[in-house]
There are 2 protein chains.
Amino acid sequence: MCVPGCQETVRRALSRRGFFRTAAAAGFAASAVGTSGELVQAAPRSKNVVDLTHTMSPEFPTFFGTPGIEFERKFEIKKDGFNMFLWKLIEHAGTHLDAPIHFSENGATAEKIAAESLVVPLAVINVVSRAEENPDYLLSREDLRDWERRFGKIPVNACVAMHSGWARHVGNAAKYTGKDAGGMFHFPGISPLAAEWLIKERKVAGIAVDTLSLDNGPSKDFRTHTLWLSSGRWGLENVANLDKVREAGATLVVGLAKVKDATGGPARLIALM
Amino acid sequence: MCVPGCQETVRRALSRRGFFRTAAAAGFAASAVGTSGELVQAAPRSKNVVDLTHTMSPEFPTFFGTPGIEFERKFEIKKDGFNMFLWKLIEHAGTHLDAPIHFSENGATAEKIAAESLVVPLAVINVVSRAEENPDYLLSREDLRDWERRFGKIPVNACVAMHSGWARHVGNAAKYTGKDAGGMFHFPGISPLAAEWLIKERKVAGIAVDTLSLDNGPSKDFRTHTLWLSSGRWGLENVANLDKVREAGATLVVGLAKVKDATGGPARLIALM
């Protein structure tokens, strides 16, 4: 067995070398072979796990204005011995994934997205101050350039996430949707030009937004959706807690429900740091 | 920037030390600080990700014999510009999680299970040969003892998974449910005594089975469900691909849909090795 303090010692030793900072610090199932040959495992340390998922409920703001989920009780413990509901769930409500088929005729359905492409480096682009000035802000090519100046090239297979600060409005549907008197939405999104650059110049697996849509509120042509999803990549919407995760160096696990023929679906987003 | 071969060099250096075998081999967002101070990131290596999730569809075998999911098309791309379905989904169908409230009056609902307790060491207990001899096999206290003799004490906060080999029958509902002429099910499960021992003697977060139920097919009192869930722990059912994951040393990420008041729900299970 590993003597008390052993793992901390290893962690410090690795830290001094500056290598594998993320993996070492996380201690995911960190394993060592003890003196008698058995495997010694450490539990993950909770402080390295960040939940990027909003809680879904009938009150969660939706693009269509109708509840994204409704419940029907099927069994009740006092009567039946256990509790169980049936859900009526819109595929694109709450924290969820858009599969390529959502905006393409022949794109991949949800179950075809391989698990390997759902475990990805996370690049968080902070546009909070710009979104405060302009609720229709579009994350730009310049914002991506700024991130790369600070952190280096966007990693291969990454998820590039727009952090606009919008998640803090989720309890206020009027502010979160930004719906005006004319029925137009106002919230930030990702510009088609930035999306196009990521497709052509970087090998990126997905994009993510902390708002209702990859396109900004006023968009009428859903150009970012169309460009991005028809290129065979996935998108994430209504992402939470991007203020609690590092701008570079975290790994995102996209816990997408694996449903045949689905155009997307609820996803538990867990960041490992 | 890290020169070519740098990460492999680091990996070998760590491997020689025998420390952090899992974390180093996985290379999840492995980070190093380059000479000019920027963060250098590596994409996760796909061979270290194993999907423990079955694809859900209306044909997936269920405990109740009725479809676990049904679809209603809401939008169609040729007519509406995009594709979208509404799902009618039973909380306890396909690869899914049982929350404590499923078999208790006041247990935690799905959204209350913290993300920290959904990233856990995975201990896989192989009872394939025993289940071949006896389709009603109950994973026993002895099976847990055998695992610990080989791999050491079950890690704190682990998920203990029964690998009975049943996942290979999932395309054959008659075999998977084992329903006999009298309507009784036949498939393996976890014995109440083994569950009770894990609750009292080990600090375990969850249990998992590659069959329809934590209890075996013939169970009438659902004693393992009741004991386990009322203790505040979670369970996983219809787990896939346990033959493709190490018996010790993997980390399981439970991508549970985060739904308010739910008694469980679909979960994307991703093992990181």
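**How the labels follow from the values**

Me: How many disulfides are there over all chains, and what makes a pair count as one?
Reply: The count comes to zero over all chains, the rule being a pair of cysteine sulfur atoms within 2.5 Å. This is a predicted model, where local features need pLDDT of at least 70 and side-chain atom pairs count only at pLDDT 80 or more, while totals for chains, interfaces and linings use all residues. For bookkeeping, residues are numbered from 1 along each chain as its sequence is written, chains are lettered from A and ligands numbered from 1 in the order in which they are written, and side-chain values use heavy atoms, leaving out hydrogens and water.

Me: How confident is the predictor in chain A?
Reply: The mean pLDDT of chain A (the predictor's confidence in each residue, from 0 to 100) is 86, and 83% of its residues reach 70 or more. Over residues 1-46 of chain A, though, the pLDDT is below 50, and this stretch has 105 contacts (heavy atoms within 4.5 Å) beyond near neighbours in sequence. The model scores ipTM 0.85 and pTM 0.85.

Me: Are A:Cys159 and B:Cys159 buried or exposed, and how do you know?
Reply: Buried means under 20% relative accessible area, exposed over 50%, and partly exposed in between, with a 1.4 Å probe and protein chains only. A:Cys159 has 0%, so it is buried, and B:Cys159 also has 0%, so it counts as buried. Over chain A, 62% of the 273 residues count as buried.

Me: What makes the largest nonpolar core a core, and which residues touch the most other members?
Reply: Such a core is a set of buried Ala, Val, Leu, Ile, Met, Phe, Trp, Tyr and Cys residues joined through side-chain atoms within 4.5 Å. The largest one has 146 residues, and those touching the most other members include A:Leu52, A:Trp234, B:Trp234 and B:Leu236. Leaving aside neighbours within four places in sequence, B:Leu236 is in contact with ten named residues' worth of company, among them B:Cys159, B:Ile207, B:Val254 and B:Leu269.

Me: Why is helix 5 of chain B called oblique to helix 7 of chain B?
Reply: Helices are DSSP runs of H or I with at least four residues, strands are E runs of at least two, and both are numbered from the N terminus. Helix 5 (residues 141-151) and helix 7 (residues 192-201) of chain B pack at about 50°, with axes 8 Å apart. Angles under 35 degrees count as roughly parallel, over 145 as roughly antiparallel, 65 to 115 as roughly perpendicular and the rest as oblique, so helix 5 of chain B is oblique to helix 7 of chain B. At this meeting, B:Arg141, B:Leu144 and B:Glu148 face B:Ala194, B:Trp197 and B:Leu198.

Me: What makes the phi of A:Asn241 and B:Asn238 worth a look?
Reply: Most residues other than glycine have a negative phi. A:Asn241 has a positive phi of about 60°, and B:Asn238 has a positive phi of about 60° too. A:Asn241 sits in the loop between strand 12 (234-237) and strand 13 (250-256) of chain A, and its 24% accessibility makes it partly exposed. B:Asn238 lies in the loop between strand 12 (234-237) and strand 13 (250-256) of chain B, and at 1% it counts as buried.

Conventions
Axes fitted to C-alpha atoms, helices over the stretch in contact; angles between N-to-C directions.
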